[in-house]
Amino acid sequence: MKKLSSRAVAAVTNAVLAIVLIVVGTVCFFPSAQSVSSVEEKAIYKGQSEDGVSLMFNVYWGTEEVCGILDVLEEYGAKATFFIGGSWADDNVSVLKTIRDKGHEIGTHGYFHRDHSTLNREQNIDEIRRSVEFIALAADVTVTLFAPPSGAFNDTVLDAAESMGLKTILWSKDTIDWRDKNKSDCYTRATKDVKGGDLILMHPMEHTLAALPEILSYYKQQGLRAITVSENIG
C-alpha cells in the first residue's frame, strides 16, 4: 500500500480542519431550535385557530367603557379575554363578575401595573399571585393566563408565571389605542391583514368602544369568529 506523501497528509489535514471550522461556525451563527431562548419558547404571540381571532382587553381603568364593551360583544355574539389588573378588580368587583357571567375569559394583568422585567422571581410571583388570588376570591374564577403590563417580560417573568401554572400571553396585533386616541386608527389596526389565530390587543377606551361594532362586523364579513384566547391557543 502506497504511503501518502507529507504534502498529501497536510492537504487532508487542512481539509478536515476546514470542515470542522465550517461546522462550528454554522452552529455558532445558526443555532438549532433546542438553543433558542426560552423567551421565544414560552411567550405566546399567536393562536392556532383557523377562523378565530381574540380581542384582548387589558383593564386598569375605563370601567364605563368596559360595561359598554360587554354590551357590544353580547350584541355581536362575540367572546373576548379580559386581562384584569388586581387594583382595578378590587374597586370593581360587580363588573368583574359581569365579565364572568357573560361568558368571557378573565386573565391576570398583575396587581399594580408594574414593569415585571425589573422584578426578581419572588417579586414577580408576589405581584401576579395577589391578582390571581383576588380574582379567584371575588369572582370564583381560576386564572390560567397572564399578560405582562406594557408587554415587559424576560426569562424571570416567564419562569415565575409558569411556576404558577400560567401561560404568558403577548399579541400579534396592537391597536395602540391607549396612545393614539382615534377610532379610525383603532379599526384599521384591528382589521388590517387580520387572519385566524391573531391575538389583538386593546384597552377600554372611548374610541375603542366606538370602533368595536365596525371591527366585529368586519370579522363576520371575513368569516372570522371572536373567541377567547384559551380557545384560540388550544
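This passage walks through the overall make-up, the nonpolar cores, one helix pair and one residue of a predicted model.

The protein chain folds into ten helices and eight strands. It has 234 residues, and 46% of them count as buried. Contacts that reach across the sequence are well represented: among the contacts in the protein chain with a separation of 6 or more, 77% are between residues 24 or more positions apart.

A good place to begin looking inside is the nonpolar interior. The largest nonpolar core is made up of 48 residues. Within this core, the residues with the most contacts are Leu55, Phe57, Leu73, Phe82, Ile84, Leu216 and Tyr219. Helix α6, spanning residues 121-139, supplies the largest share of the core, with six residues. Leu216 offers a helpful view of how distant parts of the sequence meet. When its neighbours within four places in sequence are left aside, Leu216 is in contact with Leu55, Val72, Leu73, Tyr76, Ala78 and Ala226. Two of these partners, Leu55 and Leu73, are themselves listed with Leu216 among the residues with the most contacts inside the core. A second core, separate from this one, has nine residues, including Met56, Ile169, Val229 and Ile233.

Attention now turns to a pair of helices. Two packed helices are described by the distance between their axes and the angle between those axes. For helix α3 (residues 63-75) and helix α5 (residues 93-101), the axes come within 11 Å and cross at roughly 20°. Angles under 35 degrees count as roughly parallel, and α3 and α5 are therefore roughly parallel to each other. Their crossing is left-handed. On the α3 side, the contact is made by Thr63, Val66, Cys67 and Leu70, while α5 contributes Val95, Thr98 and Ile99. Sorted by class, the residues of this contact are five nonpolar and two polar, with no charged residues.

The last stop is Ser87, which lies in helix α4 (residues 86-91). Is Ser87 buried or exposed, or does it fall in between? Its relative accessible area is 22%, and buried means under 20%, so Ser87 is partly exposed. Apart from neighbours within four places in sequence, Ser87 is in contact with Tyr60, Tyr111 and Phe112. One of these partners, Tyr60, is 27 residues away from Ser87 in sequence, and the C-alpha atoms of the two residues are 7.4 Å apart in space.

Notes:
Residues numbered from 1 in each chain as written. Predicted model: local features only at pLDDT ≥ 70, side-chain atom pairs only at ≥ 80, totals over all residues. Heavy atoms only, no water. Axes fitted to C-alpha atoms, helices over the stretch in contact; angles between N-to-C directions. Helix = DSSP H or I, 4+ residues; strand = E, 2+ residues; numbered from the N terminus. Parallel < 35°, antiparallel > 145°, perpendicular 65-115°, else oblique. Left-handed = near helix turned anticlockwise from the far one by under 90°. Contact = heavy atoms within 4.5 Å. Nonpolar A, V, L, I, M, F, W, Y, C, P; charged D, E, K, R; others polar. Core = buried A, V, L, I, M, F, W, Y, C linked by side-chain atoms within 4.5 Å. Buried < 20%, exposed > 50% of the residue type's maximum accessible area, 1.4 Å probe, protein only.
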